[in-house]
Each structure stands twice: as C-alpha cells, then as structure tokens.
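Hi,

Here is the structure you were waiting for. Have a look at it first, and my notes on what turned up follow underneath.

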Amino acid sequence: MHPAAGMSTAIEARAAREAAHWMMRLQGGELDAAARQGLARWRAAHPDHETAWQRAEQVCRTFGMLPPPLAMPVLDRPAGAQRRAALKTLALLIVAGPTGWAMLRAAPWQAWTADLRTATGEIRHLTLADGSGLSLNTASAADIVFSDALRLILLRAGELHVATGPDPLGRPFIVRTGNGSIRALGTRFTVRQEDRLLGARTHVAVSQGAVEVRPAEGRPVIVQAGWQASFDETATSAPQPLAPHACAWLKGLLYADDTPLAQVLTQLSRYRHGVVRCDPTVARLRVSGVYQLRDTDALLALLQASLPIRVRRHSRWWISVEPA
C-alpha cells in the first residue's frame, strides 16, 4: 500500500500547497489535455507529490466537495483574495489529515474567516446576488457560495433567516450546517445551529412554503410552513407547530407570552456578552410583553420593575437575577 493511504502520513507543506493548486484547477475545470499531462508529471516527479495528491483526493471524498469557498465565487469578495484564501484552506486540510479534520470542523476559525459575521447583539439584513433576502442574528457567521449550478449558504455559527427569490437559472437554494442540509422549496425559513456538550444540532423553522431537511447520514424530511423541527447528523425530530413570533428577532424584538422567566433570560443572554444567571426560585415566574433586543440593560430593568426580582451585577460580565 502506498504510504499516502495511511491515516497518519505527514505531508510536506510545499507539496500540500502545490497539490492544492492542482486540485483547485482540476475542480474548476481549468485543466485541458496538456495541463492534465503536467499534473501527471508533477505527481510522478517525487513521492511527496503523490502523497499530497492522494490526501487532496481524500479531502474531496471526505467533505463531499472542496471545502467552500474553494472553487466557486463568493459574494463581495475579490476573486484573487478568494482564491488565495481557498488555496491556504485546502493546503491546511491536506496537511492536517483525517486526525485533524474533526478538530478543524469544530474550530472557531470557520466562523472567524466567514464571509459574513455579526457581533454579539448585532442583527444584519442584506440582499444576495440572486435577490433573496438573508438576515444574520446575533453572533452568527456564514459563507455565501453561489455557482452556475447551486445557491449555497454555509452556516458556520448562530442563526440566519432566508427569504428565497425566484432564480432565472433555476438553481436550488441550500443552507448547509455541520449536521446536514436544508433545501428551500420556495420559502421563508430560519436555521439555527446549536453547539451542545453532547453534539451539535440544527433547528429549522418554516414560516412560508416548505423545506427539505436532509441529515448528513439520514433520510430527508419535508417541513411545511407553520412547523419547526431539529436534526443531528442521523435523524430529524418530528415536526412541531411553529412558535408564535418565532421570527420576531428580525425586527429586533423579543416576544414573551406567559413565558417562564428563565426562558426569557436565555434568549436575552444571546444578545449580550457574559453570563446571565437565573436563580431557580424565580425561574418559573411568567413574563408577558414585547421587548427591544438592542438594549438588554433596559430589558433587564423592565423585568425588574414588573416582577418580584432583583438584578444583581457582580461584574460587567456576570449578572444574577434573584428574588427581590
């Protein structure tokens, strides 16, 4: 067996960069007959080249495609800068190998280097190149990968909302997370990626039309308007009725309708830095009202004024909500 087939084979950095360059040209349809002969000569020139090439092929098999945005244009990013970043990313994956890919998938660099990002407390709205609307909720990150055959959004962290528009090219519109993909069927929907101790999970809420949810290793499920579901890599939960005002965050609002205080504080905490702790003795107090998310301090003051609670500020980053 060639050493490249081994799972722990070390790859020399220069060979990895050259393999990444050849693989991007191949995936981009840039290799004519003469160039393919050049690739064959490069692979045969040194054992390190063949080892790096086999690892590059393994990257493509493992990820199902070149890790975006490695071969397709990205919105609002110069082509030269995109290609350089793509080459560096693919070379990194070639060097990292299978033992490193799991860590790379979970590492925060994916969110830090995403095309679109929002800070904690920020909500951003924009129009995509195809006319579809995209909104990013607080502390979210996504890559936009549009090609001649596909409209793809990769949700790296947080939550987004999509209002798809008609596409003259008839390209499918897909949102992909670490758990699988969601295909729009003429629709408006929200996708939230939740990282938990026992593994990541993706939540989908459909307000118009329908979507096809397809876990990475499971069967596809259709979720209709007015319903929501969640999924991991193997299965999708049974759809549940969509919660009222599920998309209120698009207007910067938090709705509470006889909602437990603990649940309200959990939502609030997504829009501010630090920790918001709820004392168990007040966690079940009921809250009703409409609150502005842009000022969480004012929201906490309103809660304190309307409930028998006290908001204690231990530091700028640590708040406790306790009995009054």
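**What I found**

Let's start with one pair of residues: Arg 151 has Phe 173 in E6 as its bridge partner. Before going further, keep in mind that this is a predicted model.

That bridge belongs to the pairing of E5 with strand E6 (residues 173-177), which is parallel and runs over 4 bridges. E5 itself covers residues 151-163, and 13 of its 13 residues are buried. What else pairs with E5? Strand E3 (residues 133-136) does, in the antiparallel sense and over 4 bridges. You can find that pairing by looking for Gly 133, which sits opposite Ala 163 of E5. Strand E4 (residues 141-146) is another antiparallel partner of E5, this time over 6 bridges. There, Ala 142 faces Leu 155 in E5. E4 and E5 also make a hairpin, with 4 residues between them.

As a reminder, strands in a sheet pair through backbone hydrogen bonds, and they can do so in parallel or antiparallel fashion.

There's a second hairpin to look at. Strand E10 (residues 210-215) and strand E11 (residues 221-224) are antiparallel over 4 bridges, and 5 residues lie between them in the hairpin. Ala 210 is the one opposite Gln 224 in E11.

**The sheet with E15, E17 and E18**

Further along the chain, 3 strands make an open sheet with mixed pairing, in the order E15-E18-E17. Strand E15 (275-278) and strand E17 (309-315) are the edge strands; each has a single partner strand, so one side of each has no neighbour in the sheet. On average, neighbouring strands here are turned by 20° against each other, ignoring direction.

Which helices pack on this sheet? Helix H6 (residues 261-269) is one, touching E15, E17 and E18, and its direction makes about 180° with that of E15. Helix H7 (residues 296-306) packs on the sheet too, touching E17 and E18, with its direction at about 145° to that of E17. Within the sheet, E17 pairs with strand E18 (residues 318-323) in the antiparallel sense over 6 bridges. If you want a spot to zoom in on, Arg 313 stands opposite Ile 319 in E18.

**A pocket worth a look**

The second largest pocket holds about 810 Å³ of space. Its lining counts 31 residues, and Ala 243, Pro 244, His 245, Ala 246 and Gln 267 are the ones nearest the centre. Which strand gives the most to that lining? It's E14, with 6 residues. Strand E8 (188-196), strand E9 (199-208), strand E12 (227-231), strand E14 (253-260) and H6 each bring at least two residues to the lining. So H6 turns up twice: it packs on the sheet described above and also helps line this pocket. By residue type, the lining splits into 17 nonpolar, 10 polar and 4 charged.

**The whole protein**

Stepping back, the protein has 7 helices and 18 strands. Of its 324 residues, 45% are buried. Looking at contacts between residues at least 6 apart in sequence, 51% join residues at least 24 apart.

Shout if anything is unclear when you open the model.

Cheers

Definitions and conventions: Residues numbered from 1 in each chain as written. Predicted model: local features only at pLDDT ≥ 70, side-chain atom pairs only at ≥ 80, totals over all residues. Heavy atoms only, no water. Pairing = 2+ DSSP bridges. Axes fitted to C-alpha atoms, helices over the stretch in contact; angles between N-to-C directions. Contact = heavy atoms within 4.5 Å. Buried < 20%, exposed > 50% of the residue type's maximum accessible area, 1.4 Å probe, protein only. 1 Å grid on protein atoms, 1.4 Å probe; cavity = no way out; pocket = protein on both sides within 12 Å on 5 of 7 lines; lining within 4 Å. Points joined across faces, edges and corners; volume = space filled by probe spheres on them. Nonpolar A, V, L, I, M, F, W, Y, C, P; charged D, E, K, R; others polar.
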